[in-house]
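Trainee: I have a model open and some labels I do not understand. Can we go through them one by one?

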Amino acid sequence: MRLFNVAAVMLLTTLVASESMAQKIVIAHRGASGYLPEHTLEAKAMAYAMGADYIEQDVVMTADDQLIVLHDITLDRTTNVDEVFPNRARDDGRYYAIDFTLEEIRQLKATEGYRVLSNGEKEQGFAGRFPMGTSSFSVPTLQEEIELIQGLNKSTGRNIGIYPEIKGPAFHLEEGKDISQAVVEMLKAYGYTTKQDRVFLQTFEYEELVRIKQDIFPALGVDIKLIMLIGDPEAYPWMFEADGMEKVAEHADGIGPSHFLVIERSSTRDNLKITPLVQRAHAAGMEVHPYTYRVDPGQVPAYANSFEEMLQQHYFEADVDGLFTDFPDRAVQFLNSRR
Ligand code: CA
């Protein structure tokens with residue numbers, strides 16, 4: 001009898017372990033952006049082929065109310081807008097996507113991200129990545145990207161999810177555009193309507209998350225999973241209080257914190273400072289998907305000897321449910337090696 005119980009417990013433990021293992025996911029951050037220019041359809045197809053569970057879209061709106069996949073609300077960092085439309089910057093010198101029609105944005109070439117130095121020269125953000133300004137890429141619409149992923153789901157028989165983020169909702173509202181409403185309508189048109197569907201909708205703005213949950217979802221008959229992104233701990237200090245995650249869970253299904261809010265920057269290999277955030281979020285019934293895990297030089301914190309060790313620490317010591325990475329192949333291989 002006793003032996004049976006031990007065996008039963010072992011079996012149960014194995015089942016629970018494989019169950020929690022099965023739930024650990026890889027989210028391709030802006031696609032396979034470690035290898036191809038972020039938010040291009042090419043980077044998304046590569047992420048898909050690498051086995052990511054979800055592929056991320058950052059979404060902004062054009063002058064003619066089209067939804068495009070772009071990380072910044074400006075086109076400066078990831079396109080050649082300064083060469084094609086040199087006179088279209090605002091007074092702050094930046095080219096806002098919302099000032100351009102989709103037809104105009106179609107004329108731009110997307111590129112690996114860069115910054116402009118004081119001498120006017122362009123310097124690639126991550127030196128070891130895809131060479132900026134080479135080959136030919138464009139800025140896709142959200143519709144084109146959903147159709148790419150759903151098309152691949154059909155042709156491969158897999159069911160890879162999407163993970164759209166509404167960028168700058170307050171900025172869009174100030175400009176007279178309800179981007180959240182438009183994104184949820186688009187998701188509904190493509191069949192993403194319930195928490196069982198393979199989609200997470202994310203935003204950094206808490207007030208907007210509440211508005212989406214309380215107003216936009218009910219009006220459209222949609223109720224998909226919502227993720228509260230957390231970057232600057234000063235933005236919403238109450239989230240870090242003991243009951244902060246319970247409060248967030250009133251409207252959200254999960255959080256997407258900076259990984260520095262999960263394991264503190266000052267950690268060492270022998271003294272990993274895991275914050276209470278994951279535990280509190282789990283206790284409130286929420287999932288935790290931190291960002292951004294990168295292989296590039298200087299991107300793996302000093303407390304980890306390798307990218308894979310960092311993944312081990314976050315997935316299995318801090319117990320996050322998934323993570324955003326520019327290198328989805330590495331995270332997929334890591335999880336497979338643990339299965
Ligand atoms: Ca994002």
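Mentor: We will take each label and set its value against the cut-off. Keep in mind that this is a predicted model.

Trainee: What makes Glu56, Asp58 and Glu165 the residues that coordinate the calcium ion?

Mentor: Distance. Their oxygens lie at 2.1 to 2.3 Å. For Ca the limit is 3.2 Å, so these atoms count as donors. Along the chain the donors follow the spacing E-x1-D-x106-E. Asp58 sits in strand β2 (residues 54-61) and Glu165 in strand β6 (residues 161-166), so by the helix and strand assignment this pair links distant parts of the chain, 107 residues apart. Asp58 and Glu165 are both buried.

Trainee: Why is His259 called buried?

Mentor: Its relative accessibility is 4%. Buried means under 20%, so His259 counts as buried. His259 is found in the loop between β9 (254-257) and α10 (277-283). Residues it touches include Pro290, Tyr291, Tyr303 and His314, not counting residues up to four places away in sequence.

Trainee: Now the rings. How many aromatic pairs are found in the whole structure?

Mentor: The search finds 15.

Trainee: Why is the pair of Phe130 and Phe137 called edge-to-face?

Mentor: Check two values. The centres are 5.4 Å apart, and the planes make 80 degrees. Rings pair within 6.5 Å, and planes over 60 degrees apart count as edge-to-face, so the label holds.

Trainee: What do Phe130 and Phe137 count as in accessibility?

Mentor: Phe130 is at 22%, so it counts as partly exposed. Phe137 is at 7%, so it counts as buried. The cut-off between the two labels is 20%.

Trainee: What makes Tyr163 and Phe200 a stacked pair?

Mentor: The angle between their planes is 25 degrees, with 4.9 Å centre to centre. Stacked means under 30 degrees, so this pair qualifies. The pair links distant parts of the chain: Tyr163 is in strand β6 and Phe200 in strand β7 (residues 200-203), 37 residues apart. Tyr163 has 0% relative accessibility and counts as buried. Phe200, at 2%, counts as buried. Ring pairs also link Tyr54, Tyr163, Phe200 and Phe324 into a cluster.

Trainee: How do you know that the charged end of Arg88 sits over the ring of Phe100?

Mentor: It lies 4.3 Å from the ring centre. The distance limit is 6 Å, and the charge must also be within 35 degrees of the ring normal. Arg338 lies over the face of Phe316 too, at 4.0 Å from the ring centre.

Trainee: What makes a set of residues a nonpolar core?

Mentor: The members are buried nonpolar residues, joined through side-chain atoms within 4.5 Å. In soluble globular proteins, nonpolar side chains tend to be buried together. Here the largest core has 69 residues. Among those with the most contacts inside it are Leu67, Met245 and Tyr315. Helix α8 (residues 206-220) gives the largest share, seven residues. A second, separate core has 17 residues, including Leu70 and Leu108.

Trainee: How do you know that strands β1 and β11 pair?

Mentor: Count the bridges. Four join strand β1 (residues 25-28) to β11. At least two are needed, so they pair. The two strands run parallel. One of the partners is Gly322 in β11, matched with Ile25.

Trainee: Which way do the residues of strand β11 (residues 322-325) point?

Mentor: Gly322 and Phe324 point one way, Leu323 and Thr325 the other way, and all are buried.

Technical notes:
Residues numbered from 1 in each chain as written. Predicted model: local features only at pLDDT ≥ 70, side-chain atom pairs only at ≥ 80, totals over all residues. Heavy atoms only, no water. Donors = N, O, S within 2.8 Å, 3.2 Å for Na, K, Ca; no water. Buried < 20%, exposed > 50% of the residue type's maximum accessible area, 1.4 Å probe, protein only. Contact = heavy atoms within 4.5 Å. Phe/Tyr/Trp six-rings, centres within 6.5 Å; stacked < 30°, edge-to-face > 60°.
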